[in-house]
Amino acid sequence: MRHAALFVFVAAVAALAGAQAAYPDHGHGRHHHGRGQSVVFVQTNEPAGNRIVVYDRAGDGTLSQAGTYSTGGNGGTATPGTESDRLASQGSLAYDARHGLLIAVNAGSDTVTTFKVNGDRLQGSRVVSSGGQFPASIAVHGRLVYVLNSGGPGIVQGFWIRGHQLRKIAGSARSLGLANGNPPNFLTAPGQVGFTPGGHKLIVTTKASGSHIDVFRVRADGTLSSTPVMNSSETPVPFAFTFTPQGRLASGEAGTSSLTTYALNGDGTLADPRSASDGQTALCWIVRARGFYYVSNTGSNDLSSFQVGADGQPTLLAAMAATTHMGPIDLTVSGRYLYVQTGTAGTVDEFRINGDGSLTSIGTVSGLPVGQEGIASS
C-alpha cells in the first residue's frame, strides 16, 4: 500500500507542469509606514535572479503590491523540474519579527539573503553562503538560525543573527546522510527544518529518503548533537510540520495525504502517533491558524482543514475547504486571512478564515512567475 500511495503522489505532483511566464519588475510602488502595518512577502525563486515581492494587506485582507527587491542570488529547481513545488520544501522564506529580518534562500546559488524590514520596505540586503547545496528551508529561534541544504547528503548549517545579517557558527554543520544529487529530486529532498517551541530541539523531515523525522538536540553554544534521533513517520513521506498548543508535532505526510501528530519525548524519540487522512492527493504544506490546521493538497488543487484534540487526535473538518489555482504549495497567515501560493499558476490565492474554520475566497494576486516558492507575513 505504501508503494502504491507513493506512486500516486509522484504521478500527481509531477503532472503539475506549466509554461514559464515572464515576470515584470514593477519597481518600488507606494509605501506605507505605520504601527500595526501588515505585510506579505513572496519569493519568486527565479533561476535568473531571485526576488522578493512585498504586498500591503488591506483591512479586508486583499493584497496590493508595494515593491520588488532582488536577493542578489538565484532561485533553484529540484529535478525533474516541472513540479508545482520547485524547492520541494516548506519555509524557504522566513520573517523574524523579533529582529525585523526577512531571510530568503537562493537555492540556485547556494546562498542566503537577509533584509532589514522597515514597514513595507526591505533594506540593507546581506548575502552569505548557505553552507551546503540547494538551500531550501529556514528555521529561526531567538538569535539562532539553521538553514537546511537539501542537495547532496543534506546539510543543516547554523548561524547567529548579528545586527541584520547572519554569521556562520563554527562547527555547527551536520549531515543527514542522504544520497541526493544537486539539485535534488523533489521527492527525496528533505522537506523542512524547524525548532521545537522551546528551541531545545531541531527537526528535519526527509520525505521519501527513508520517511524519517530527524530530531537533533540544540546545545547552549548553538551547535547540534553530533547525530539526530531518526524516527520513522507513521505514514509515508513526512513533508511539512507545525506544532499544537500542547507541544505535539503536527506533520503533513504526503504518501497517504495524512495529518499525523506525535508526542516528542525528551530523548528525541516520537511516540503516540495519531493520524487522519483528508482523502485528497499529496498533502504537503501545513499551517496552524485560529485553532484550525490548513493543508495544501498540490495534487488535488485544493485545501483541507482539520482540528486537533487536546489528546492529539486530528479530525478532518473539511476535505475541500477551498479550491485553488493549479499547484497550491506554501501558505502563510496574517490576522484572520490565509494566503496560498500556487507554483504552477503563479498566483497567491487570498482567503478569509471564518469563525467556524471555513474559508471564503476574497481574491487572487496574479502575475507571479511559475515556480515561485516561499511566502511569509509580518
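Two strands pair if DSSP finds at least two bridges between them. Keep that rule in mind while reading this predicted model.

Start with strand 17 and strand 18. Strand 18 covers residues 249-253. The two strands pair in the antiparallel sense, over five bridges. One of the links joins alanine 240 to its bridge partner in strand 18, glycine 252. Together the two strands form a hairpin, with five residues between them. Glycine 247 sits in the turn and has a positive phi of about 85°. How well covered is strand 17? Mostly: six of its six residues are buried.

Strand 17 also leads to the largest pocket. This pocket holds about 980 Å³ of space. It is lined by 28 residues, and the closest to its centre are Ala94, Tyr95, Val140, Gln192 and Thr242. Which strands help to build the lining? Several each supply at least two residues, including strand 4 (93-96), strand 8 (135-141), strand 13 (192-195) and strand 17 (238-243). Strand 21 (283-289) is another that does so. By class, the lining has 17 nonpolar, nine polar and two charged residues.

Strand 21 takes us on to a sheet. Strands of a sheet pair through backbone hydrogen bonds, either parallel or antiparallel. Here four strands form an open sheet in the order 21-22-23-24, and the pairing is antiparallel. Why is one side of strand 21 left without a neighbour in the sheet? Strand 21 stands at an edge with a single partner strand, so one of its sides has no neighbour there. The same is true of strand 24 (314-323). On average, neighbouring strands of this sheet are turned by 25° against each other, direction ignored. Strand 23 (residues 302-308) runs antiparallel to strand 24, and six bridges join them. Within this pairing, phenylalanine 306 has leucine 316 of strand 24 as its bridge partner.

Now look at the aromatic rings. The count comes to five aromatic pairs. One of them is formed by tyrosine 146 and phenylalanine 195. The pair is edge-to-face, with 6.3 Å centre to centre and 70° between the planes. Tyrosine 146 lies in strand 9 (residues 144-149) and phenylalanine 195 in strand 13, so the pair ties together parts that are 49 residues apart in sequence. Tyrosine 146 is buried, at 0% relative accessibility. Phenylalanine 195 is buried too, with a relative accessible area of 10%.

Phenylalanine 292 and tyrosine 294 form a tilted pair, 6.4 Å centre to centre with 50° between the planes. Phenylalanine 292 counts as buried at 7% relative accessibility. Tyrosine 294 counts as buried at 0%.

Conventions: Residues numbered from 1 in each chain as written. Predicted model: local features only at pLDDT ≥ 70, side-chain atom pairs only at ≥ 80, totals over all residues. Heavy atoms only, no water. 1 Å grid on protein atoms, 1.4 Å probe; cavity = no way out; pocket = protein on both sides within 12 Å on 5 of 7 lines; lining within 4 Å. Points joined across faces, edges and corners; volume = space filled by probe spheres on them. Nonpolar A, V, L, I, M, F, W, Y, C, P; charged D, E, K, R; others polar. Buried < 20%, exposed > 50% of the residue type's maximum accessible area, 1.4 Å probe, protein only. Axes fitted to C-alpha atoms, helices over the stretch in contact; angles between N-to-C directions. Phe/Tyr/Trp six-rings, centres within 6.5 Å; stacked < 30°, edge-to-face > 60°.
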